[in-house]
Amino acid sequence: MLIIFSGLPGSGKSTIARALAQRLGAVYLRIDTIEQAIRATEQADNEMGPAGYFVAYGLARENLALGSIVITDSVNPIQLTRDAYHDIARSVGVPCLDVEVVCSNSKLHRERVENRTVDIEGLALPDWQAVITRDYEPWDRARLVLDSATLSVTQSVELIIAALIESMSY
């Protein structure tokens, strides 16, 4: 199973994705971690481009083929990257679930963005202006939408697990 997390920075997606990965014993692939490792080896602060996503795609495919549950964690802002994850799941013959994490309370979202602590050495977190002006394409497919302004991490994880169980019963 491939579980694909998407959402703006500070929405709560990494917190929920990590909790789900722990609960399921899943492989956890976070784009921020991958991209920062690439930057550190290149000793550069330049814009990353698609490199981090391509690394994540390869790791996801390999771990899915081994029979692991894989959770990807990224902003995933464009249809192209969302489709790529679906193509990977199809190529390995496993189902996938899209999870979009939103924070409907803009004051709370801004607070989170402005008060986050860096948990990846060297990573520069976006400020509020960068978050609200970020390109984020509308969705064209069904997905599980979790509002972190109204749901706890535990409630979010339970909703995802319920959706996984429901999807496996079809």
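This is a short walk through two helix pairs and the cysteines in this structure. Keep in mind that what we're looking at is a predicted model.

Okay, helix packing. Two packed helices are described by the angle between their axes and the distance between the axes. So let's take the pairs in turn.

Start with helix 1, residues 13-24, and helix 7, residues 153-168. Their axes come within 9 Å and cross at roughly 60°, and helix 1 and helix 7 are therefore oblique to each other. As for handedness, this crossing is right-handed. Who's touching whom? On the helix 1 side you'll find Thr15, Ile16, Ala19, Leu20, Arg23 and Leu24, and they meet helix 7 residues including Val153, Ile160, Ile161 and Leu164. Sort the residues of that contact by class and you get 9 nonpolar, 2 polar and 2 charged.

Next up, helix 2, residues 31-42, with helix 3, residues 51-65. Here the angle is about 120° and the axes are 9 Å apart, which makes helix 2 oblique to helix 3. This crossing is right-handed too. From helix 2, Ile31, Ile34, Glu35 and Ile38 do the touching, and their partners in helix 3 include Tyr53, Val55 and Leu59. By class, that contact has 8 nonpolar residues, 1 polar and 1 charged.

Last thing, the cysteines. A disulfide is a covalent bond between the sulfur atoms of two cysteines. How many disulfides do we count here? The count comes to 0. And are cysteine 96 and cysteine 103 buried or exposed? Cysteine 96 has 27% relative accessibility, so it counts as partly exposed. Cysteine 103 is at 11%, so that one counts as buried.

Terms used. Residues numbered from 1 in each chain as written. Predicted model: local features only at pLDDT ≥ 70, side-chain atom pairs only at ≥ 80, totals over all residues. Heavy atoms only, no water. Axes fitted to C-alpha atoms, helices over the stretch in contact; angles between N-to-C directions. Helix = DSSP H or I, 4+ residues; strand = E, 2+ residues; numbered from the N terminus. Parallel < 35°, antiparallel > 145°, perpendicular 65-115°, else oblique. Left-handed = near helix turned anticlockwise from the far one by under 90°. Contact = heavy atoms within 4.5 Å. Nonpolar A, V, L, I, M, F, W, Y, C, P; charged D, E, K, R; others polar. Disulfide = S-S within 2.5 Å. Buried < 20%, exposed > 50% of the residue type's maximum accessible area, 1.4 Å probe, protein only.
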